[in-house]
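Please open the model in a viewer and keep the sequence panel visible. The stops below are given in the order in which they may be selected.

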Amino acid sequence: MPGDAHNIETTLGVDDMDPTTRKTQPELPTHVLEDEKTLPEEESEEGDYEQDIPDGGLGWLMAVSGSFLIFSSFGFANSWGVQYYRTEILQDTPPATVAWIGSIQYCLILLPSALTGYLMDHRHFRGPLHTASVICIVSVFLVAECKKYWQFMLVQGVLYGLSAGFLFGPILPLMQHWFRRRRATAYGITATGSSTGGTVLPIVVRKLIPMIGFKWTIRVVGFIFFLTIGVPNLVLRTRYPPTKSKSGLLDMSIFKSAPYSFHVAGLFVSFLGMYTVLTYIDVAGVSAGLDPNFTFYLVSIANAGSAVGRLSGGLMGDRIGPINTLIPMTLAAAVTTFAWPYCTTKAALIPLAILYGMCSGVFMGICAAIPSPPSNPVNPQDRGRMVGMLFTIASIGSLVGPPISGAIHDKYGGFHQVSIYAGCMIVFAAVLLTCARQAAIGRVWGII
């Protein structure tokens with residue numbers, strides 16, 4: 001569904017080049033230019049880690065292994081659908097109330113990111129990963145035993161969400177240890193784990209429940225997680241030595257950077273609306289008179305589109321800059337959100353789900369690309385903390401966004417007003433991202 005310290009700087013200005021090279025000098029992404037600067041002497045004593053970044057090779061194994069963990073964390077959360085729980089298990093619970101289970105999941109997957117980023121910067125990676133992996137698998141098996149709302153909230157919302165947060169939190173910052181020029185592509189690969197899980201797991205659950213029942217279906221998911229969580233525990237490694245920064249966990253000085261602050265605000269606001277369609281698309285389809293056996297698959301269709309968006313967004317981000325990719329695709333996601341309630345047939349909902357999935361997938365795949373001006377570059381060894389703080393603040397938006405949409409639906413009795421609220425939040429997020437770009441490079445266009 002869905003960190004990076006693309007430490008982005010302005011590109012070389014054309015006017016500063018020698019006239020003989022002006023036509024042939026390529027404009028490199030600003031995060032590449034920054035990363036190629038000479039490291040401070042004290043860091044060089046530990047080895048020139050930035051200059052020795054593989055940018056491929058073993059890094060691709062890290063990216064794929066990271067996608068397995070995101071499959072098991074955000075992938076499971078993205079397979080969440082209000083309609084099944086509301087009609088099959090929690091029939092007497094309003095949709096807005098049921099939606100809180102998913103919102104708590106989303107929030108707690110993102111909330112520990114500041115802590116996991118801080119721990120990673122200080123080289124505490126494998127211990128928290130091993131512990132969270134055990135708790136996450138156990139929590140999935142406990143979901144199979146739940147029967148009441150408070151039990152689902154406690155186990156699936158809180159226990160699973162928090163443990164999955166310690167799986168998700170360090171993965172995107174870890175890609176910065178292994179990639180520089182292809183960093184956005186690496187983000188896209190790892191982020192496809194969320195889409196793959198959100199596509200495959202709902203279908204697995206839907207097919208198996210009539211055959212073996214709810215309990216054993218969830219247990220099958222737990223056994224799948226033995227593989228998708230176990231392999232990364234054996235493979236994933238960090239490269240940088242522990243940071244020498246004396247900053248604490250909650251270092252507010254990072255918000256002195258205007259580009260970073262605008263970017264964090266943009267991500268927070270986007271989460272107030274970005275997950276609304278994914279949360280309610282199946283419920284809206286049923287309320288429009290469509291067969292629940294069809295609407296159930298709309299979440300999987302949207303997640304399949306999201307996988308395409310995450311991969312293509314990463315490739316595009318490496319060419320024109322991640323922020324330049326984020327802004328138009330965020331606006332496109334707003335357009336699909338506004339159009340959503342007007343799609344009331346199968347022929348309309350299927351392409352809508354695909355387009356929404358693609359646009360939101362680009363956003364979630366590379367939203368952790370942090371712009372920074374040349375005057376205030378990010379220390380490579382402090383990236384985990386900055387990316388973690390980004391997602392921790394965004395978690396509040398993911399917590400309250402879908403329930404706000406549910407409350408609007410309950411008040412007005414339809415999804416038109418819901419789409420207006422969610423779409424406006426996404427448009428506002430695009431405006432804030434534009435402000436972040438302007439603050440970072442000080443001009444209308446530049447690769448960032």
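Helices (H or I, at least four residues) and strands (E, at least two) are DSSP runs, numbered from the N terminus. By this assignment the protein chain has 18 helices and two strands. The model is predicted: local features need pLDDT of at least 70, side-chain atom pairs count only at pLDDT 80 or more, and totals for chains, interfaces and linings use all residues. Residues are numbered from 1 along each chain as its sequence is written, and side-chain values use heavy atoms, with hydrogens and water left out.

**The whole chain**

Display the molecular surface first. Accessible areas come from the Shrake-Rupley method with a 1.4 Å probe, and for residues only the protein chains shown count as cover. The accessible surface of the protein chain is about 16600 Å², and carbon and sulfur atoms hold 67% of that surface. A residue is termed buried under 20% relative accessible area, exposed over 50%, and partly exposed in between (1.4 Å probe, protein chains only). Of the 448 residues in the protein chain, 60% are buried.

**Helix 10**

Select residues 183–235, which form helix 10. Its expected span is 1.5 Å times one less than its number of residues. For these 53 residues a straight helix would reach 78 Å, but the end C-alpha atoms are only 19 Å apart. Where is the kink in helix 10 centred? Centre the view on Ile212, where the kink is about 125°; the bend at a residue is the angle between axes fitted to the seven residues ending there and the seven starting there.

**Helix 9**

Move next to residues 171–178, helix 9. Eight of its eight residues are buried, so helix 9 is largely enclosed by the rest of the structure. Among the buried residues are Pro173, Gln176, His177 and Trp178.

**The second largest pocket**

Rolling a probe the size of a water molecule over the atoms shows where empty space is left. On a 1 Å grid over the protein atoms alone, a pocket is an open set of points where a 1.4 Å probe fits, with protein on both sides within 12 Å along at least five of seven lines; lining residues have an atom within 4 Å of a point. The second largest pocket has a volume of about 150 Å³, a volume being the space filled by probe spheres set on the points, which are joined across faces, edges and corners. Select its lining, which includes Ser287, Trp340, Thr344, Phe415 and His416. Helix 12 (residues 276–287) gives the largest share of this lining, three residues.

**Gly289 and Tyr297**

Gly289 is in the loop between helix 12 and helix 13 (292–295), and it is exposed at 64% relative accessibility. Measuring from C-alpha to C-alpha, Gly289 is 8.1 Å from Thr344 in space and 55 residues from it in sequence. Tyr297 follows in the loop between helix 13 and helix 14 (298–320); this residue is partly exposed at 22%.

**Helix 18 and the segment after it**

Finish with Cys435, in helix 18, which is partly exposed with a relative accessible area of 29%. Cys435 and Phe262 are 173 residues apart in sequence, yet their C-alpha atoms are 6.4 Å apart. Ile447 lies in the segment after helix 18 (416–441) and is buried at 8%. From C-alpha to C-alpha, Ile447 and Pro322 are 8.3 Å apart, with their positions 125 residues apart in sequence.
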